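Hi,

Here is the model I promised to pass on. Have a look at it first, and then read my notes below.

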Amino acid sequence: MARPRKELISVQNTPYYHVISRCVRRSFLCGIDSISGKDYGHRRQWIEDRIRILSSLFAIDVCAYAVMSNHHHLVVKICLEQALSWADTDVANRWMSLFKSPLLVRQWAAGEPLSASESDTVSNIIAVYRERLSSLSWFMKCLNEPIARQANQEDQCTGHFWESRFKSQALLSEEALLSCMAYVDLNPVRASMAETPEKSTHTSIKERIQPEFDLSRAIASQQEQQSLQHFELPIKPLAVFEGNVNDKQQMGVLFSLKDYLELVDNTGRVIREDKRGAIPLHYPPILGRLKLNPQDWLSNATQFEQLYAKKFAPKRRQRQIA
């Protein structure tokens with residue numbers, strides 16, 4: 001029997017979730033229409049851009065994603081401590097990046113004097129915004145609804161684009177998290193859309209290996225679609241691989257990025273009868289294919305978050321942040 005969403009998502013039990021959204025009737029509404037031959041592949045970029053923008057606004061880290069022709073996968077971590085650390089002004093700015101707020105909130109944000117009762121009202125509204133910005137349901141609502149509207153506008157039609165809100169699975173252990181992330185990152189390989197993970201477009205593993213996210217383009221696209229009011233934050237990196245457990249509080253994935261890439265590469269070579277694709281067995285290991293210098297790799301893998309903006313981001317985005 002179906003269970004209420006609030007019973008499926010419990011941050012007290014686990015902050016990690018695997019989320020899936022499929023197009024109606026599993027049609028290729030983000031790929032090539034087999035009947036008309038029309039290519040809708042550009043919508044995959046819409047979804048990828050939206051995922052990265054929303055992650056930067058919400059207290060939700062993205063561990064893995066794969067945008068396919070008729071569905072998308074996400075592995076996320078809900079970070080309540082992030083939302084609790086934000087100042088009220090930060091919460092309001094993040095929310096107003098996506099939605100128009102009541103006049104009273106706009107007056108407060110502009111520094112206009114308010115009465116005690118008006119200030120209390122604003123505080124209550126900010127508390128609601130803070131809760132929503134750490135909600136997986138609101139994250140998925142803000143992801144899927146604008147994509148559906150834009151696709152319907154492009155197709156000059158109405159009706160459902162996604163077959164349901166979304167489906168979620170709690171990931172209760174490190175093994176479950178890593179297995180799910182590898183499964184998600186290997187989706188294009190299994191579907192014969194790419195030979196190797198580093199050639200899998202619109203996936204988190206390709207973005208980790210060869211970062212190409214263009215913040216300026218993403219903002220312009222989202223604003224053109226009228227799904228973004230403004231965006232004044234640096235882009236949040238994908239969830240960091242922090243290596244082995246230590247005595248410090250760890251916020252990322254308790255695994256090294258080098259080991260994860262090797263895990264994905266070895267798993268992708270396994271031929272499955274129920275899937276069309278696999279990494280060719282004669283290909284060299286992934287670290288060899290990427291021609292990575294061991295010292296550079298160690299630095300990248302242990303300081304990914306600190307180095308992201310300076311070393312991995314496209315030059316255009318570096319200028320945007322500067």
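Before the helix packing, one definition: an axis here is a line fitted to C-alpha atoms, for helices over the stretch in contact, and angles run from 0 to 180 degrees between N-to-C directions. Please also keep in mind that this is a predicted model.

The overall picture first. The chain has 16 helices and 4 strands, and 51% of its 322 residues are buried. If you take the contacts between residues at least 6 apart in sequence, 69% of them join residues at least 24 apart.

Now to the helices, starting with H4. Two packed helices are described by the angle between their axes and the distance between the axes. For H4 and H6, the axes come within 9 Å and cross at roughly 65°. Angles of 65 to 115 degrees count as roughly perpendicular, which makes H4 roughly perpendicular to H6. The crossing of this pair is left-handed. On the H4 side, the contact is made by Asp 88, Val 91, Ala 92 and Trp 95, and H6 brings Ile 126, Tyr 129, Arg 130 and Arg 132. Sorted by type, the residues of that H4–H6 contact come out as 5 nonpolar, no polar and 3 charged.

H6 isn't the whole story for H4, which spans residues 88–96 and has Val 91, Ala 92, Arg 94, Trp 95 and Met 96 as its buried residues. Those buried residues pack against H2 (42–57), H5 (103–109), H6 (116–132) and H7 (136–155).

Next, the strands. How many of the residues of E3 are buried? In this strand, which covers residues 71–78, 8 of 8 are buried. In a regular strand the side chains alternate between the two faces of the sheet. In E3 both faces are covered: one side carries His 71, His 73, Val 75 and Lys 77, the other His 72, Leu 74, Val 76 and Ile 78, and all of these are buried.

E3 has partners in E1 and E2. With E1 (residues 16–22), E3 runs antiparallel, joined by 7 bridges. If you want to find the register by eye, His 18 stands opposite Val 75, and Ser 21 stands opposite His 72. With E2 (residues 60–67), E3 is again antiparallel, also over 7 bridges, and there Asp 61 stands opposite Lys 77. A hairpin of 3 residues takes the chain from E2 into E3.

E1 also pairs with E4 (residues 167–170), in the antiparallel sense, over 4 bridges. In that pairing Ile 20 stands opposite Lys 167 of E4. Since 6 of the 7 residues of E1 are buried, E1 is largely enclosed by the rest of the structure.

One last residue to click on is Lys 236. Where does Lys 236 sit? You'll find it in the loop between H11 (215–224) and H12 (257–268). Is Lys 236 buried or exposed? Its relative accessibility is 14%, and buried means under 20%, so Lys 236 counts as buried. Leaving aside residues up to four places away in sequence, Lys 236 touches Arg 52, Ser 55, Ser 56, Phe 58, Ala 59, Ile 60, Asp 61 and Gln 82. Asp 61 may ring a bell, as the residue opposite Lys 77 in E3.

Cheers

Notes
Residues are numbered from 1 along each chain as its sequence is written. This is a predicted model: local features need pLDDT of at least 70, side-chain atom pairs count only at pLDDT 80 or more; totals for chains, interfaces and linings use all residues. Side-chain values use heavy atoms; hydrogens and water are left out. Buried means under 20% relative accessible area, exposed over 50%, partly exposed in between (1.4 Å probe, protein chains only). Helices (H or I, at least four residues) and strands (E, at least two) are DSSP runs, numbered from the N terminus. Contact means heavy atoms within 4.5 Å. Two strands pair if DSSP finds at least two bridges between them. Angles under 35 degrees count as roughly parallel, over 145 as roughly antiparallel, 65 to 115 as roughly perpendicular and the rest as oblique. A crossing is left-handed if the near helix is turned anticlockwise from the far one by less than a right angle, and right-handed if clockwise. Ala, Val, Leu, Ile, Met, Phe, Trp, Tyr, Cys and Pro count as nonpolar, Asp, Glu, Lys and Arg as charged, and the others, Gly among them, as polar.
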